[in-house]
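Student: I am new to this structure and would like a close look at a single part of it. Could you choose one helix, go through it carefully, and then relate it to what lies elsewhere in the chain?

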Amino acid sequence: MLSQDSLAKIDREIAKYPEGQKRSAVMAALRIAQEEKGWLAPETIEFVAGYLAIPPVAAYEVASFYNMYDLEPVGKHKITVCTNLPCALSGGVHAAEYLKEKLGIDFGETTPDGLFTLKEGECMGACGDAPVMLVNNHHMCSWMTKEKIDQLIEQLRAK
């Protein structure tokens, strides 16, 4: 189900916790599985649960609670826009509307070419940098004007 490389990464995460506490590595294990597979299909979540010796529902609870986990296929570049109140008051809603218009999709949708998925996100802890966006769960983009959004889209298209 997962490559030996991914299993080795999960084993390194498990080793960070006391004996018998594999469950503590569930978030990291799901992240590693998602990096390999692109999203978390039910059978992937079940595999991770089995590997950690926890009930599948325990892994599913984590995967369905946090918005960094994708329970359905996403585009090559997932852009999550913070629209919580501080970001909304500082242009987050306008940035989101501009992205929707530019990409021709709404939140929760993927462009027909499979390049972009747009998500609405919760607070990213960078309220002073609003509006903020997170690309593929790893790259934070701050002070996103229309010009910066255009640059970001072009950079991502080129990858």
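Tutor: A residue is called buried here when its relative accessible area is under 20%, exposed when that area is over 50%, and partly exposed in between. The model is a predicted one, and the part to look at closely is helix α6, which covers residues 92–103. With 12 residues at 1.5 Å a residue, α6 should span 16 Å, and because its end C-alpha atoms are indeed 16 Å apart, the expectation and the model agree.

By the cut-off just given, the buried residues of α6 are G92, A95, A96, Y98, L99, K100 and L103. In reading such a list it helps to recall that an α-helix has 3.6 residues a turn, so residues three or four places apart point the same way. The cover over the buried residues of α6 comes from several elements, including the strands β1 (77–82), β3 (116–121) and β4 (133–135), together with the helices α5 (85–89) and α7 (146–158). Just past the end of α6 comes G104, whose phi is positive, at about 75°.

Some of the elements that cover α6 also border loops with backbone features of their own. Most residues other than glycine have a negative phi, and most peptide bonds are trans. In the loop between β3 and β4 lies P131, which is joined to A130 by a cis peptide bond with an omega of about -5°. The loop between β4 and β5 (139–141) holds N137, which is not a glycine and yet has a positive phi of about 65°; N137 counts as partly exposed because its relative accessible area is 24%. Further on, W143 sits in the loop between β5 and α7 and, although a residue other than glycine, has a positive phi near 50°. W143 is likewise partly exposed, since its relative accessibility is 47%.

For another view of helices in this chain, turn to α1 (residues 4–14) and α3, whose axes come within 12 Å and cross at roughly 45°, so that the two helices are oblique to each other. Their crossing is right-handed, and the contact is made by L7, I10, D11 and I14 of α1 with F47, Y51 and L52 of α3. Of the residues in this contact, 6 are nonpolar, none is polar and 1 is charged. Helix α3 (residues 42–52) also contains T44, which counts as buried because its relative accessibility is 4%. Leaving aside residues up to four places away in sequence, T44 touches M1, A33 and K37.

Methods
Residues numbered from 1 in each chain as written. Predicted model: local features only at pLDDT ≥ 70, side-chain atom pairs only at ≥ 80, totals over all residues. Heavy atoms only, no water. Helix = DSSP H or I, 4+ residues; strand = E, 2+ residues; numbered from the N terminus. Expected span 1.5 Å × (residues − 1). Buried < 20%, exposed > 50% of the residue type's maximum accessible area, 1.4 Å probe, protein only. Contact = heavy atoms within 4.5 Å. Axes fitted to C-alpha atoms, helices over the stretch in contact; angles between N-to-C directions. Parallel < 35°, antiparallel > 145°, perpendicular 65-115°, else oblique. Left-handed = near helix turned anticlockwise from the far one by under 90°. Nonpolar A, V, L, I, M, F, W, Y, C, P; charged D, E, K, R; others polar.
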